[in-house]
Amino acid sequence: MAIERTFSIIKPDATARNLTGAINALIEQSGLRIIAQRRVRITRAQAETFYAVHRARPFFGELVDFMISGPVVVQVLEGENAIAKYRDIMGATDPAKAAAGTIRKVHANSIGENSVHGSDAADTAANEIASFLPETTSSAKASCGGVRGFGASQPALRACRLIGY
């Protein structure tokens, strides 16, 4: 199997209850590596764009309001079959239907407050990663060759170290 990357969000319900470490422990125990992570506040515009596929659904407004209600942790996960593996460890959207030991079975409050998001396909993962952690993309890695020299800015050097260059 090939090594792949996927995108993860630890949602406001989980960060409010200080579950980032517990959720990340489950992720790492599954064999996935967390290669980038940032705690952020998503703006309304970001949330509306991110969940645009659900715009026509009755829960869209509530979902956007929830996602901007508090900080989230955005992450890039890496490992063999990372997308499917992370979706397995997340569990079903409805925590009542999630398998024992999954993130949502253990930590989610409800279907709406289900603690985590994970990409559903490789193209989705690539787009989500580029939107929230662009410094981990291959285009960012290509630009690191120009910042490694004398006089490079500290943020640029940190970004390049973050992606292992």
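Let's start just past a helix: G31 follows α2 and has a positive phi, near 100 degrees. The model you are looking at is predicted, and this corner of the chain is a handy place to enter it.

**Helix α2**

Stepping back into the helix itself, α2 covers residues 20-29. Which of its residues are buried? They are T20, I23, N24, L26 and I27. Looking down the axis of α2, these buried residues fall within an arc of 155 degrees, so they line one face of the helix. On the other side of α2, G21 and Q29 are exposed.

**Aromatic pairs**

Now for the rings. The structure holds four aromatic pairs, and two of them are set out here, with the distance between ring centres and the angle between planes.

| Pair | Centre to centre | Angle between planes | Arrangement |
|---|---|---|---|
| F7 and F132 | 5.4 Å | 20 degrees | stacked |
| F50 and Y51 | 4.8 Å | 85 degrees | edge-to-face |

What does the pair of F7 and F132 tie together? F7 sits in strand β1 (residues 3-10) and F132 in helix α7 (residues 122-132), so their contact links parts that are 125 residues apart in sequence. Both partners are shielded: F7 has a relative accessibility of 0% and counts as buried, while F132 is buried with a relative accessible area of 11%. The cut-off for buried is under 20% relative accessible area, so the value of 11% for F132 qualifies.

In the other pair, F50 and Y51 are buried too. The planes of their rings stand at 85 degrees, and edge-to-face calls for over 60 degrees, so the label fits. The two pairs belong together as well: F7, F50, Y51 and F132 form one aromatic cluster.

**The largest pocket**

Y51 brings us to the largest pocket, because Y51 is among the residues nearest the centre of that pocket, along with K11, H54, L63 and H117. How much space lies in the largest pocket? About 660 Å³. Its lining is made up of 26 residues, which divide into 10 nonpolar, nine polar and seven charged.

Several elements contribute to this lining. Helices α3 (44-50), α4 (60-67), α5 (82-90) and α7, together with strand β4 (116-118), each supply at least two residues. Helix α7 therefore appears in both parts of the picture: F132 of the stacked pair lies in α7, and α7 also provides residues to the lining of the largest pocket.

Conventions. Residues numbered from 1 in each chain as written. Predicted model: local features only at pLDDT ≥ 70, side-chain atom pairs only at ≥ 80, totals over all residues. Heavy atoms only, no water. Phe/Tyr/Trp six-rings, centres within 6.5 Å; stacked < 30°, edge-to-face > 60°. Helix = DSSP H or I, 4+ residues; strand = E, 2+ residues; numbered from the N terminus. Buried < 20%, exposed > 50% of the residue type's maximum accessible area, 1.4 Å probe, protein only. 1 Å grid on protein atoms, 1.4 Å probe; cavity = no way out; pocket = protein on both sides within 12 Å on 5 of 7 lines; lining within 4 Å. Points joined across faces, edges and corners; volume = space filled by probe spheres on them. Nonpolar A, V, L, I, M, F, W, Y, C, P; charged D, E, K, R; others polar. Arc of directions from axis to C-beta.
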